[in-house]
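This report walks through selected features of one protein structure. Please look over the sequence and the model before reading on.

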Amino acid sequence: MDEQIGAVMQQLATLNEQVRSGEVYQSLGTRLGKVMDGIHRQRRTPVTLPDDNDGVKDILTDLTRQLGENVPVTLSREKMGVLIDHLSSTDPQIRYNGINFAVYDALQQDAFDSAQMKYLFERLTQQQDLFYHILEPANAAVFGRSARLALLAVLLHFMDPSEARGMDLRQIVLLTATYICLETDTRGFVNHQGWAHAYTAITDLLAVLAGNSTLPRADKLFLLVTLMERLKRLTTPLIYGENDRMATYLVELANRHPLYETTFLLTLKQWRQQVAYKRRPDTIAGWNQFFNRKRLVDALRLHQDLPVKLREYLNSTIDFLG
């Protein structure tokens, strides 16, 4: 793994521990922002993709057949590994319509045994795959990164509590926070390659973690602020439904406990102050930042279950720049 990514993860681990101990709260956004602003982007390098003619289609056909017969999946670790490798495929028929939906169906049918579930978890959380080419400009590796994150969310959702007890939830929190800090590819649908949708995958994973009763509130708060600080800094548009998904996650979390509501309100106020300070943008990046915020705020306002304090605040603020 890249040294810089390891350093970012260590900084986040320290911050996370400080939030857990109560040492850091109101300054968390500022501290996370400094971590993100200190990340040095790298030049584009060649992305190695899996060979879609290596037998993966036969493995996928076999898995689909077993699911159709409603029998336990008997795929070996090696064959399951091939499927996970091909989450990096740029062929949407293999990656998305094939492996993604087949594994989802298997999890829904409880077709994997505990050893297969453990193997899936280990493969989906491998750092070299989650962060592959993530520091470089938009590239084909995003399909593998986001597909793994999305399936990890599904796996955690369907995982039996007895299996979940064997996981290191804090490590998942740190992996998720690191991914959010590093990922800047906001593409949705890409012609001939299908869905990238990294920020949809991020939100799905955050929603699953928010619903986990064994995860400490400090960790959920930490992830909430990490997402908001990254959103402030994105300079490309989120226009493929990500804001609606995020709004649902944020409102549901804010309704779980006053601590989340207060924290979310604080991040919105800080974001509004920063927007007002910058005044009228004069670059595409600036306008993308402005409208990303506007689309999220508009999506929040549509929620009937938006907490009163948040609704009052959003109704009291008017953006004149657009």
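Which residues are linked in a network of salt bridges? The network is made up of Asp37, Glu229, Lys232 and Arg233. The model shown here is predicted, and every value below is computed from it. A search of the whole structure finds 14 salt bridges.

**Salt bridges**

Side chains of opposite charge can pair when their charged atoms come close. Three of the pairs are set out in the table.

| Salt bridge | N to O distance | Accessibility of the Asp | Accessibility of the Arg |
|---|---|---|---|
| Asp62 and Arg65 | 2.6 Å | 21%, partly exposed | 41%, partly exposed |
| Asp85 and Arg123 | 2.6 Å | 35%, partly exposed | 10%, buried |
| Asp204 and Arg245 | 3.0 Å | 25%, partly exposed | 39%, partly exposed |

The side chains of Asp62 and Arg65 form a salt bridge inside one element, helix 3 (residues 56-68), where the two residues are three apart, about one turn of the helix. Asp62 has a relative accessible area of 21%, so it counts as partly exposed, since buried would require a value under 20%.

The salt bridge between Asp85 and Arg123 links distant parts of the chain: Asp85 belongs to helix 4 (residues 77-85) and Arg123 to helix 6 (residues 114-124), with their positions 38 residues apart in sequence. Arg123 is buried at 10% relative accessibility, while Asp85 is partly exposed at 35%.

Asp204 and Arg245 also meet in a salt bridge. Asp204 is in helix 11 (residues 198-210) and Arg245 is in helix 13 (residues 242-254), so this pair ties together parts that are 41 residues apart in sequence.

**A buried arginine without a partner**

Arg230 sits in helix 12 (residues 217-233). Arg230 is buried but has no salt bridge. Which side chain of opposite charge is nearest to Arg230? That side chain belongs to Asp37, 6.5 Å away, and a salt bridge needs a nitrogen and a carboxyl oxygen within 4 Å, so the pair does not count as one. Asp37 is instead part of the network with Glu229, Lys232 and Arg233. Beyond its neighbours within four places in sequence, Arg230 is in contact with Met36, Arg41, Ile180, Cys181, Glu183, Thr184 and Tyr199.

**Nonpolar core**

In soluble globular proteins, nonpolar side chains tend to be buried together. Here the largest nonpolar core has 106 residues, and those touching the most other members are Leu28, Phe112, Phe131, Phe222, Met228, Leu231 and Leu296. Helix 8 (residues 141-158) supplies the largest share of this core, with 10 residues.

Phe222 has contacts with residues more than four places away in sequence, including Leu12, Leu15, Asn16, Val19 and Leu28. Its other such contacts include Leu32, Val173 and Ala177.

Leu174 is part of helix 10 (residues 169-182). Is Leu174 buried or exposed? It is buried, because its relative accessible area is 5%. Setting aside neighbours within four places in sequence, Leu174 is in contact with Leu12, Ala13 and Asn16. Leu174 and Gln10 are 164 residues apart in sequence, yet their C-alpha atoms are 8.9 Å apart in space.

**A nonpolar patch on the surface**

Some nonpolar residues lie on the surface: Phe189, Ile239 and Tyr240 form a patch there with about 300 Å² of accessible area together. Phe189 is found in strand 1 (residues 189-190) and is partly exposed, with a relative accessible area of 40%.

Technical notes. Residues are numbered from 1 along each chain as its sequence is written. This is a predicted model: local features need pLDDT of at least 70, side-chain atom pairs count only at pLDDT 80 or more; totals for chains, interfaces and linings use all residues. Side-chain values use heavy atoms; hydrogens and water are left out. A nonpolar core is a set of buried Ala, Val, Leu, Ile, Met, Phe, Trp, Tyr and Cys residues joined through side-chain atoms within 4.5 Å. Buried means under 20% relative accessible area, exposed over 50%, partly exposed in between (1.4 Å probe, protein chains only). Helices (H or I, at least four residues) and strands (E, at least two) are DSSP runs, numbered from the N terminus. Contact means heavy atoms within 4.5 Å. Patches are made of residues with over 30% relative accessible area and no salt bridge: like charges are joined within 9 Å, nonpolar side chains (Val, Leu, Ile, Met, Phe, Trp, Tyr) within 5 Å. Accessible areas come from the Shrake-Rupley method with a 1.4 Å probe; for residues, only the protein chains shown count as cover. Lys and Arg count as positive and Asp and Glu as negative; His and the chain ends are not counted.
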